[in-house]
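Reader: I'm new to this, so could you take me through one part slowly? I'd like a close look at the place where the ligand is held, and at whatever else you can tell me along the way.

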Amino acid sequence: MNPPDSPLKVAVLISGRGSNMQALAEQARDFKIVLVAANKPADGLDIAEQAGIETCLVNQANYDSKASHEAALAAAIEASQARWICLAGYMAVLSADFIERFSGRILNIHPSLLPDYKGLHTHQRALADNKKLHGVSVHLVTPELDDGAVIAQMQLPVFNTDTQDSLSQRVLVLEHMLYPMVVNALASGALQLGDSTVHWQDKSAAHALLLPEGCHLILG
Ligand code: GRF
């Protein structure tokens with residue numbers, strides 16, 4: 001396999017604690033995080049800085065429009081020479097213009113088995129519906145919220161005893177395995193993505209992951 005661009009340069013966008021960003025940084029094998037940017041003061045920026053990663057706070061509170069904020073964010077990403085953008089708990093909806101500018105090169109991690117439970121409060125909603133299965137998805141970003149092609153998912157059983165906290169913690173463990181696996185696969189050429197197409201050229205690294213009992217990996 002020939003890596004498309006080695007190491008693949010990635011920018012990670014966050015808004016808060018940054019645990020997925022940290023998992024990406026710690027498990028980066030074939031890619032390099034060249035920028036961690038946040039749209040508001042975020043604990044994850046400190047974590048990234050301590051890991052020696054370039055950080056940038058593009059505080060949306062300092063901009064008078066979404067367009068001007070996104071223009072500054074896009075400029076920071078372009079200056080970093082990142083080829084791919086990973087949204088990791090980035091709590092703002094990106095405009096169609098921004099997504100178009102980086103078309104087909106933005107990934108997101110969402111804590112549900114898409115297309116179920118787009119949007120917020122996914123664990124709470126899964127519990128309220130008495131779902132027996134829940135999980136996490138990594139998908140391509142399109143202008144529709146949480147709607148782009150699913151690249152990979154991890155599924156877990158919901159226990160009768162689960163609370164929102166216990167469920168979100170168990171899902172988070174899977175998130176921290178799934179996102180680095182996907183980005184490493186993209187960087188190594190094992191995963192090929194088009195604007196709306198997902199092709200797994202080599203599934204071996206994905207299937208080599210040791211998942212917690214009862215959990216399953218589903219490749220898009
Ligand atoms: C994660 O659950 C992620 O799936 C969702 O937002 C949360 C961010 O957590 N999009 P963290 O900042 O990565 O710890």
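Author: Start with Ile-109: a polar atom of its backbone is 3.1 Å from a nitrogen atom of the ligand. Keep in mind that this is a predicted model. Gly-18 also uses its backbone, with an N or O atom that lies 2.9 Å from a ligand oxygen. Ser-19 brings in its side chain instead, where an N or O atom is 2.5 Å from an oxygen atom of the ligand. As for cover, the ligand taken alone exposes 360 Å², and the protein buries 85% of that.

Now zoom out a little. The ligand sits in the largest pocket, and the residues around the ligand are Arg-17, Gly-18, Ser-19, Asn-20, Gly-89, Ile-109, Pro-111 and Glu-175. Sort that shell by class and you get 2 nonpolar, 4 polar and 2 charged residues.

Since you asked for anything else, let's look at the cysteines. How many disulfides are there? The count comes to 0. A disulfide is a covalent bond between the sulfur atoms of two cysteines, and the cut-off used here puts those sulfurs within 2.5 Å. For Cys-56, the closest cysteine sulfur is in Cys-86, 17 Å away, so the two are too far apart for a bond. Going the other way, Cys-86 has Cys-56 as its closest cysteine, again 17 Å from sulfur to sulfur and too far for a bond. Cys-86 is also buried, with a relative accessible area of 1%.

Technical notes
Residues are numbered from 1 along each chain as its sequence is written. This is a predicted model: local features need pLDDT of at least 70, side-chain atom pairs count only at pLDDT 80 or more; totals for chains, interfaces and linings use all residues. Side-chain values use heavy atoms; hydrogens and water are left out. Buried means under 20% relative accessible area, exposed over 50%, partly exposed in between (1.4 Å probe, protein chains only). A residue is near a molecule or strand if one of its heavy atoms lies within 4 Å of it. A polar contact is a pair of N or O atoms within 3.5 Å; within protein, one must be able to donate a hydrogen and the other to accept it, and residues adjacent in sequence count only if both atoms are side-chain atoms. Accessible areas come from the Shrake-Rupley method with a 1.4 Å probe; for residues, only the protein chains shown count as cover. On a 1 Å grid over the protein atoms alone, a cavity is a set of points where a 1.4 Å probe fits but cannot get out, and a pocket is an open set with protein on both sides within 12 Å along at least five of seven lines; lining residues have an atom within 4 Å of a point. A molecule sits in a cavity or pocket if more than half of its atoms lie within 2 Å of its grid points. Ala, Val, Leu, Ile, Met, Phe, Trp, Tyr, Cys and Pro count as nonpolar, Asp, Glu, Lys and Arg as charged, and the others, Gly among them, as polar.
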